Every structure is written in C-alpha cells, then in structure tokens.
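Welcome, and please get your viewer ready. We will go from one selection to the next, and each stop says what to look for.

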Amino acid sequence: MSWKDDDDKEEIDRDKPFVSCDEDWEDDPFIDEFTPQYSVPEVKRAFKHCCEKVAPPRPRAEFQECMRKRLKLMKIMKRR
C-alpha cells in the first residue's frame, strides 16, 4: 500500500461519522438503506434536502434522522 493510499484510508475512517454532500457517491449508502421502502429519486431528493438543512460537518446520525423524517413526510404527501 502506498503512502497516498494509507492517507486516503485514514481520511475515510476519520470522516465516517460525517456526511459530505460534495461527493457524488455520498448518497449511495442512503440509497441502499432506504430503497426497499422508497424509490431512488425520492431518496436522492431527501438527500439533497438534508444537505441543505443539516449544517456541516453533518453528523451521520443527525443526517440519517433528517432523511427518515423527510422520506416519511414525502410518503404522507404522496398519499394526499
């Protein structure tokens, strides 16, 4: 493993408790987590909403709670 690979791994491990909205792939874990109940476009919209609502450094637990609330609200609104 090169020094750069080692540095990258350390950075990823350090950032695990936080969500970055700057990376295109950052919504992938949320898509995996929520698509059994919600569509991919719904999860992506909720992700974008929470990126705007949860202040950086965006703690992962707080972000997940925002996602759950937003998706639940979207589901309720969809029924009306």
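Before we start, one definition: a contact here means heavy atoms within 4.5 Å. Keep in mind too that this is a predicted model.

**Stop 1: the whole chain**

Show the protein chain as a cartoon. You should find four helices and zero strands, running α-α-α-α from the N terminus on. Now colour by burial: buried residues make up 26% of the 80 residues in the chain. If you switch on the surface, the accessible area comes to about 6100 Å², and 53% of that belongs to carbon and sulfur atoms. Among contacts with a separation of 6 or more, residues 24 or more positions apart account for 60%.

**Stop 2: helix α4**

Select residues 60-79, which form helix α4. The helix has 20 residues and reaches 29 Å from its first C-alpha to its last, close to the 28 Å expected at 1.5 Å a residue.

Next, show the side chains of F63, C66, M67, L71 and M74, which are buried in α4. Why do they sit on the same side of α4? Because they cover an arc of only 125° around the axis. The general rule behind such patterns is that an α-helix has 3.6 residues a turn, so residues three or four places apart point the same way.

Turn to the face away from the buried side of α4 and select A61, K69, K72 and R79: these residues are exposed.

**Stop 3: what α4 packs against**

Add α2 (28-34) and α3 (40-53) to the view, since the buried residues of α4 pack against both of these helices. Then centre on M67. Which residues does M67 touch, not counting those up to four places away in sequence? They are F30, F34, V43, A46, F47 and C50.

**Stop 4: the nonpolar core**

Now select F30, F34, V43, F47, F63, M67 and L71. Of the 16 residues in the largest nonpolar core, these touch the most other members. Helices α2, α3 and α4 each supply at least two residues of this core.

**Stop 5: the loop between α3 and α4**

Finish at P57, found in the loop between α3 and α4. The peptide bond from P56 to P57 is cis, with omega near 15°. R58 also has its place in this loop, and has a positive phi of about 50° although it is not a glycine. For background, most residues other than glycine have a negative phi, and most peptide bonds are trans.

Is R58 buried or exposed? At 13% relative accessibility, R58 counts as buried, because the cut-off for buried is under 20%.

Definitions and conventions: Residues numbered from 1 in each chain as written. Predicted model: local features only at pLDDT ≥ 70, side-chain atom pairs only at ≥ 80, totals over all residues. Heavy atoms only, no water. Expected span 1.5 Å × (residues − 1). Buried < 20%, exposed > 50% of the residue type's maximum accessible area, 1.4 Å probe, protein only. Arc of directions from axis to C-beta. Core = buried A, V, L, I, M, F, W, Y, C linked by side-chain atoms within 4.5 Å. Areas by Shrake-Rupley, 256 points an atom, 1.4 Å probe, with all protein chains shown as cover.
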